[in-house]
Amino acid sequence: MKIPFAIKEVEIPEGVQVEIDGNVVKVEGPKGKLERELSHPRISIKKEDSKVIIRCELPKKAEKALVGTFAAHIENMIKGVTEGFVYKMKIVYSHFPIKVSVKDGEVLIDNFLGEQYPRKAKIFGDVKVRVEKDDVILEGINREQVGQTAANIERAVRVKNRDIRVFQDGIYITSKGA
């Protein structure tokens with residue numbers, strides 16, 4: 001009788017070191033170092049040669065899905081320390097010119113819809129934010145931190161109490177990737 005397994009393998013490229021210490025996965029590469037705790041009582045993560053193997057015996061549906069999730073997290077960590085992640089955002093305005101600046105771990109959005117006080121968006125972790133004319137560029141090695149910073153900026157400039165068909169001002173994500 002064949003025992004069912006849920007197995008995913010993640011290749012480790014050259015120049016990247018992966019260390020597994022219990023439930024903690026550490027990935028180190030040319031751009032930096034990432035660490036993440038991936039734990040589930042029935043899922044094991046092991047390093048063999050140049051592969052990371054995520055495995056579960058007799059998986060239920062949720063555990064099978066979690067094996068794939070853990071593999072995706074490890075792949076994102078490897079991609080982050082080798083290539084990094086870059087999100088590009090576009091500043092769009094038709095009524096009042098928006099001025100965007102970065103200061104003390106926050107993105108400051110001045111003159112949004114003619115408001116007197118600046119709106120603020122928090123920058124997570126080691127994400128680097130650059131403003132070039134009408135573009136905002138976010139770079140970092142942790143995909144979740146870069147994505148959350150972009151979401152914070154979009155949320156900070158959400159239009160309230162106005163017709164959004166007319167007032168389409170804001171800062172919007174135009175591209176995500178490495």
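Student: What does Asp135 count as at 30% relative accessibility?
Tutor: Keep in mind that this is a predicted model. A buried residue would need to be under 20% and an exposed one over 50%. Asp135 has 30% relative accessibility, so it counts as partly exposed.

Student: Which residue forms a salt bridge with Asp135?
Tutor: The closest N and O atoms of the pair are 3.6 Å apart, and a salt bridge has to be within 4 Å. The partner is partly exposed, at 36% relative accessibility. The residue that forms this salt bridge with Asp135 is Lys90.

Student: How many residues apart in sequence are the parts that Lys90 and Asp135 tie together?
Tutor: Start with where they sit: Lys90 is in strand E7 and Asp135 is in strand E12. The pair therefore ties together parts whose separation in sequence is 45 residues.

Student: How many bridges join E7 to E12?
Tutor: E7 covers residues 85–92 and E12 covers residues 135–140, and they run antiparallel. One pair to look for is Tyr87 with its bridge partner Leu138 in E12. The number of bridges joining E7 to E12 is six.

Student: In what order do the four strands of that open sheet come?
Tutor: The edge strands are E11 (128–132) and E13, each pairing on one side only. The twist from one strand to the next averages 20°. The pairing is antiparallel, and the order is E11-E12-E7-E13.

Student: Which residue in E12 is the bridge partner of Val129?
Tutor: Look at E11 and E12, which run antiparallel and are joined by five bridges. Tyr87 has its bridge partner in E12 at Leu138. For Val129, the partner in E12 is Leu138.

Student: Which residue takes a positive phi in the hairpin of E11 and E12?
Tutor: That hairpin has two residues between the strands. The one to find has a phi near 50°, a positive value in a residue other than glycine. With 80% relative accessibility it is over the 50% cut-off, so it counts as exposed. It is Lys133.

Student: Where does Asn111 lie?
Tutor: Asn111 is another residue to pick out, as it has a positive phi of about 60° although it is not a glycine. It counts as partly exposed because its relative accessibility is 28%. Asn111 lies in the loop between strand E9 (106–110) and strand E10 (119–122).

Student: What span should the 22 residues of helix H1 have at 1.5 Å a residue?
Tutor: The expected span of a helix is 1.5 Å times one less than its number of residues. H1 takes in residues 61–82, and the distance between its end C-alpha atoms agrees with the expected span. That span is 32 Å.

Student: Is Glu63 buried or exposed?
Tutor: Glu63 is in helix H1, whereas its salt-bridge partner Arg42 is in the loop between E4 and strand E5 (43–48), 21 residues apart. The closest N and O atoms of the two are 2.9 Å apart. Arg42 is partly exposed, with a relative accessible area of 39%. For Glu63 the relative accessible area is 9%, under the 20% cut-off, so Glu63 is buried.

Student: How far apart in space are Gly68 and Arg55, C-alpha to C-alpha?
Tutor: Gly68 is also in helix H1. It counts as partly exposed because its relative accessibility is 25%. Gly68 and Arg55 are 13 residues apart in sequence, and their C-alpha to C-alpha distance is 9.6 Å.

Student: Which side chain of opposite charge is nearest to Asp169?
Tutor: Asp169 is found in the loop between helix H2 (143–156) and strand E13 (170–177). Its side chain has a polar contact of 3.3 Å with that of Ser94. Asp169 is buried yet has no salt bridge. At 8.5 Å away, the nearest side chain of opposite charge is that of Arg162.

Student: Which strands are the edge strands of the open sheet E2-E3-E4?
Tutor: The pairing in this three-stranded sheet is antiparallel. Neighbouring strands are turned by 15° against each other on average, direction ignored. Five bridges join E2 to E3 (residues 24–29), and Asp21 has its bridge partner in E3 at Val24. The edge strands, each pairing on one side only, are E2 (17–21) and E4 (32–37).

Key:
Residues numbered from 1 in each chain as written. Predicted model: local features only at pLDDT ≥ 70, side-chain atom pairs only at ≥ 80, totals over all residues. Heavy atoms only, no water. Pairing = 2+ DSSP bridges. Axes fitted to C-alpha atoms, helices over the stretch in contact; angles between N-to-C directions. Buried < 20%, exposed > 50% of the residue type's maximum accessible area, 1.4 Å probe, protein only. Lys, Arg positive; Asp, Glu negative; His and termini not counted. Polar contact = N/O pair within 3.5 Å; in protein donor to acceptor, adjacent residues only side chain to side chain.
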